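Colleague: Could you take a close look at one part of this for me? I would like to know what surrounds it and how it fits into the rest.

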Amino acid sequence: MNYINFDRVAEVYDRTRAVPMETIIILTREINKKLQITFGSPPYQILSLGIGSGRVEKYLSSTDNHLFGIDISELMLKELKKKGLVESISILQADACNLPFRGKFHLTIAIHVIHLIQNQEDFLNEIIRTSQMVIFGDVYTDAYQSKLYSYFLNILSTLGWTKQESKSINDHLVTAMLKHGFEVEEFSETIYNSQDHASIFESLQKRYFSWLWDVPEPIYQQAMKLLELKIRDEEINLNESYSTTSSVNLQIFKQLDN
Ligand SMILES: C[S@@+](CC[C@H](N)C(=O)[O-])C[C@H]1O[C@@H](n2cnc3c(N)ncnc32)[C@H](O)[C@@H]1O
């Protein structure tokens, strides 16, 4: 079982990874469209792997869809349960690499999850065993357009630590899915948005970004001090907003014989 423990950010997860409602509408519209084209009329059974607090996934539960959600983090699931959706979402604490289901779901989704899965073989076997259609994807507001975020990444690399790109899809997984009789299609849509510097600063300062958990403590501490100096020297007003974008990126896998 390999995962990064999201318990530590469960309580702040939705607030620090907020996306505009418009992106959620794009996500649900695309998913419902694919379900209808592929399987005809509802009801559909959907499994969300790494559902977490249900930040975006909770909107997939409807009278047409029965949503199942699993996650390894007890506290992320606790946040989802607080939303009072236990009647419409079946929630289980489980590992995506060892699923407690026998039958096949119409659709399995993993939103912002697969970069965290290290045991790709088990993960792959489980989704193939339990899914007719699979969607990997991300729904996010781009932090790279924040100058504070860029400054921080530059400072870290001058201190000898470079952030690895987290990929929403990995090539090995795509090749393996194709070999197992799935075809793949991509979907991407981006909208304009804005965010304040303060929220990026808070996520850096409190280590809410999960990639920050890998940065060695002394390097992190020094980088934060340098960032604070930069903010002071450039007189950056943290209450000001900057322009950014929010995106939905999906990779949709369908079994060819559907
Ligand atoms: C970045 S969060 C995304 C949560 C949610 N899908 C969203 O987009 O808001 C990743 C989630 O995947 C979960 N996770 C990581 N590895 C997992 C595994 N092997 N099995 C089940 N859940 C896992 C984490 O606990 C966390 O809740």
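Modeller: Gladly; I will take strand 1, then its neighbours, and then the chain as a whole.

A word on the ground rules. This is a predicted model, so local features are reported at pLDDT of at least 70 and side-chain atom pairs at pLDDT 80 or more, while totals for chains, interfaces and linings use all residues. Residues are numbered from 1 along each chain as its sequence is written.

Strand 1 covers residues 44-49, and six of its six residues are buried. Here strands (E, at least two residues) and helices (H or I, at least four) are DSSP runs, numbered from the N terminus. Buried means that 20 or more other C-beta atoms lie within 10 Å of a residue's own, exposed means 12 or fewer, and partly exposed is in between, with C-beta atoms placed from the backbone. In a regular strand the side chains alternate between the two faces of the sheet. In strand 1 neither face is left open: Tyr44, Ile46 and Ser48 are buried on one side, and Gln45, Leu47 and Leu49 are buried on the other.

Next, the pairing, which requires at least two DSSP bridges between two strands. Strand 1 runs parallel to strand 2 (residues 65-71), with six bridges between them, and Ile46 has Leu67 as its bridge partner there. Strand 4 (residues 105-111) is also a parallel partner of strand 1, over three bridges; in that pairing Ser48 is matched with Ile109.

Ile46 deserves a second look. Leaving aside residues up to four places away in sequence, Ile46 touches Leu60, Asn65, Leu67, Phe68, Phe105, His106, Leu107 and Ile109; a contact means C-beta atoms, placed from the backbone, within 7 Å. Ile46 also belongs to the largest nonpolar core, of 47 residues, where Ile46, Ala96, Leu107, Ala110, Val134 and Ile135 touch the most other members. A nonpolar core is a set of buried Ala, Val, Leu, Ile, Met, Phe, Trp, Tyr and Cys residues joined through C-beta atoms within 7 Å. Another core, of nine residues including Leu148, Ile200, Phe201 and Leu227, lies apart from it.

One element packed against strand 1 is helix 2, whose buried residues also meet strand 4, strand 5 (131-141), strand 6 (182-196) and strand 7 (241-255). The 19 residues of helix 2 (residues 21-39) should span 27 Å, and the end C-alpha atoms are indeed 27 Å apart; the expected span is 1.5 Å times one less than the number of residues. Its buried residues are Thr23, Ile26, Leu27, Ile31, Lys34 and Leu35. They share one side of helix 2, because their arc around the axis is only 155 degrees, the arc being that of the directions from the helix axis to the C-beta atoms. Met21, Ile25, Arg29, Lys33 and Ile37 are exposed on the other side of helix 2. After helix 2 comes Gly40, with a positive phi near 80 degrees.

Stepping back, the chain has eight helices and seven strands. Its radius of gyration is 19 Å, close to the 18 Å from the globule rule for 258 residues, so the chain is as compact as a globular protein of that length; the radius is taken over C-alpha atoms, and the rule is 2.2 Å times the number of residues to the power 0.38. Of the 258 residues, 33% count as buried. Among contacts with a separation of 6 or more, 79% join residues 24 or more positions apart.

Methods:
Contact = placed C-beta atoms within 7 Å.
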